[in-house]
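Me: Could you walk me through how to read this fold, feature by feature? I'd like the general idea and then the case at hand.

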Amino acid sequence: MALPLSILDLAHIGEGETARDSFTASVALAQRAEELGYKRIWYAEHHNMPSIASSATSVLIAHIAAHTRTIRLGAGGVMLPNHAPLTIAEQFGTLETLHPGRIDLGLGRAPGSDQQTMRALRRTPSSADAFPQDVLELQGYLSGESRIPGVDATPGKGTDVPLYILGSSLFGAQLAATLGLPYAFASHFAPAALEEAVALYRREFKPSAQLAEPYVMAALNVIAADTTEEAQEQFLAAKRLRVSRFLGRGRTFTPEEADLILASAAGQQILQMTKYSAVGDPGEVTKYVGQFAAHAQADELIVVFGAPGRKAWLRSAELLAQAHGL
């Protein structure tokens with residue numbers, strides 16, 4: 001069997017689009033991904049980002065689940081320090097009750113926001129310090145073995161929604177190994193520690209009620225097109241968009257301005273984020289995907305389709321699925 005492929009949908013709001021347009025596109029992608037044989041789609045919690053519409057992650061998952069039948073859906077991830085574990089247990093317990101056997105819960109400890117947004121969310125930088133304890137409390141609610149006497153999640157209790165630890169550092173790898181949970185590495189934008197984190201996770205893994213053997217998911221960017229030249233054009237456009245998103249501070253740049261910035265030190269940091277990117281025609285992309293899976297020692301890949309246009313976005317998903325043999 002081909003290595004399982006899944007999707008991280010960042011619910012981008014494109015130029016001239018609304019959040020509703022983004023949700024419509026996410027439904028279309030999920031329905032096509034289900035037909036093509038992708039294993040799961042995850043949505044990430046971000047706040048105060050005008051180009052990303054997945055801030056109310058559980059609500060978006062519910063919407064997509066209502067418009068699909070079989071594909072697994074989940075958070076990739078919920079930033080747990082932003083929430084009370086009981087609230088997340090109730091939300092995902094509700095989702096699992098409505099859509100049994102289809103819901104995942106990936107957990108991260110990053111703020112998913114800036115300092116001002118962190119303040120608006122009523123959290124402090126120290127909130128992340130309690131992440132391991134919060135994961136255990138959440139796990140207790142979902143398993144029906146609450147760690148808070150007299151408090152149960154309804155819905156949630158006994159649903160056993162599977163948990164995944166997300167990370168881009170050794171901290172998440174160590175926690176996932178200690179708790180015996182699957183580990184998903186965010187190598188699509190933070191590639192530096194991939195090899196070291198995966199090695200640590202596999203070496204230190206302790207079996208748990210959820211998982212007997214280590215399970216690694218690694219993320220990468222994919223732009224597949226009918227020709228190499230078309231894919232490279234889309235990749236350049238995607239990198240230019242990153243310049244505006246990360247450095248624009250409300251302004252956009254001409255292609256010429258963006259290229260000058262990409263050649264600068266700040267631009268090199270943006271390019272480093274795209275280190276793991278499969279770009280090309282179906283054969284080239286499939287070859288890179290196989291090499292990356294071996295490099296990451298991955299049991300499953302979760303891909304981010306980086307093409308700026310919606311048609312190109314869906315075309316990437318189709319070409320990759322067909323070439324990979326889903």
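Me: How do helices H8 and H9 lie relative to each other, parallel or perpendicular?

Reply: Keep in mind that this is a predicted model. In general, two packed helices are described by the angle between their axes and the distance between those axes. Here, helix H8 (residues 228-247) and helix H9 (residues 255-262) pack at about 80°, and their axes are 9 Å apart. Angles from 65 to 115 degrees count as roughly perpendicular, so H8 and H9 are roughly perpendicular to each other.

Me: Which residues of H8 and H9 meet?

Reply: H8 brings Leu236, Lys239, Arg240, Val243 and Leu247, and they meet Pro255, Ala258, Asp259, Ile261 and Leu262 in H9. Sorted by class, this contact has 7 nonpolar and 3 charged residues, with no polar ones.

Me: While we're in H8, is Ser244 buried or exposed?

Reply: The cut-off for buried is under 20% relative accessible area. Ser244, which sits in helix H8, has 17%, so Ser244 is buried. Setting aside neighbours within four places in sequence, Ser244 is in contact with Arg249, Arg251, Thr252 and Phe253.

Me: Now try the other pair. At what angle do H1 and H12 pack?

Reply: Helix H1 (residues 19-36) and helix H12 (residues 310-324) pack at about 15°, with axes 10 Å apart. Angles under 35 degrees count as roughly parallel, and H1 and H12 are therefore roughly parallel to each other. Their crossing is right-handed.

Me: And which residues make that contact?

Reply: From H1 you get Ser22, Ala25, Ala28, Leu29, Arg32 and Leu36, and from H12 there are Arg310, Trp313, Leu314, Ala317, Glu318 and Ala321. They divide into 8 nonpolar, 1 polar and 3 charged. As a general point, an α-helix has 3.6 residues a turn, so residues three or four places apart point the same way.

Me: Let's zoom in on Leu29. What does Leu29 contact?

Reply: Leu29 is in helix H1 and counts as buried, because its relative accessibility is 1%. Leaving out neighbours within four places in sequence, the contacts of Leu29 are Ile7, Asp9, Ile41, Trp313, Leu314 and Ala317. For Asp9, 20 residues away from Leu29 along the chain, the separation between C-alpha atoms is 8.6 Å.

Me: On to strands. How many residues of E9 are buried?

Reply: Strand E9 (residues 300-305) is mostly covered, with 6 of its 6 residues buried. Look at both faces: Glu300, Ile302 and Val304 point one way, Leu301, Val303 and Phe305 point the other way, and all are buried.

Me: Which strand does E9 join through 3 bridges, and which through 6?

Reply: Strand E1 (residues 5-9) runs parallel to E9 and is joined to it by 3 bridges; there, Ser6 has Ile302 as its bridge partner. Strand E7 (residues 216-224) also pairs with E9 in the parallel sense, over 6 bridges. As a landmark, find Asn221 opposite Val304 in E9.

Me: What covers the buried residues of helix H6?

Reply: First pick out the buried residues of H6 (residues 170-179): Gly172, Ala173, Leu175, Ala176, Ala177 and Leu179. Their cover includes helix H5 (131-143), strand E5 (163-167), strand E6 (183-185) and helix H7 (194-204). Just past the end of H6, Gly180 has a positive phi of about 70°.

Me: What about backbone oddities? Where is a peptide bond cis?

Reply: One cis bond joins Gly76 and Gly77, with omega about 5°, and Gly77 lies in strand E3 (residues 72-79). Another runs from Thr154 to Pro155, with omega near -5°; Pro155 is in the loop between H5 and E5.

Me: And which residues other than glycine have a positive phi?

Reply: Two to check are Ala11, with phi near 50°, and Asp160, with phi of about 50°. Ala11 is in the loop between E1 and H1, and at 1% relative accessibility Ala11 counts as buried. Asp160, in the loop between H5 and E5, is partly exposed, with a relative accessible area of 48%.

Key: Residues numbered from 1 in each chain as written. Predicted model: local features only at pLDDT ≥ 70, side-chain atom pairs only at ≥ 80, totals over all residues. Heavy atoms only, no water. Axes fitted to C-alpha atoms, helices over the stretch in contact; angles between N-to-C directions. Helix = DSSP H or I, 4+ residues; strand = E, 2+ residues; numbered from the N terminus. Parallel < 35°, antiparallel > 145°, perpendicular 65-115°, else oblique. Contact = heavy atoms within 4.5 Å. Nonpolar A, V, L, I, M, F, W, Y, C, P; charged D, E, K, R; others polar. Left-handed = near helix turned anticlockwise from the far one by under 90°. Buried < 20%, exposed > 50% of the residue type's maximum accessible area, 1.4 Å probe, protein only. Pairing = 2+ DSSP bridges.
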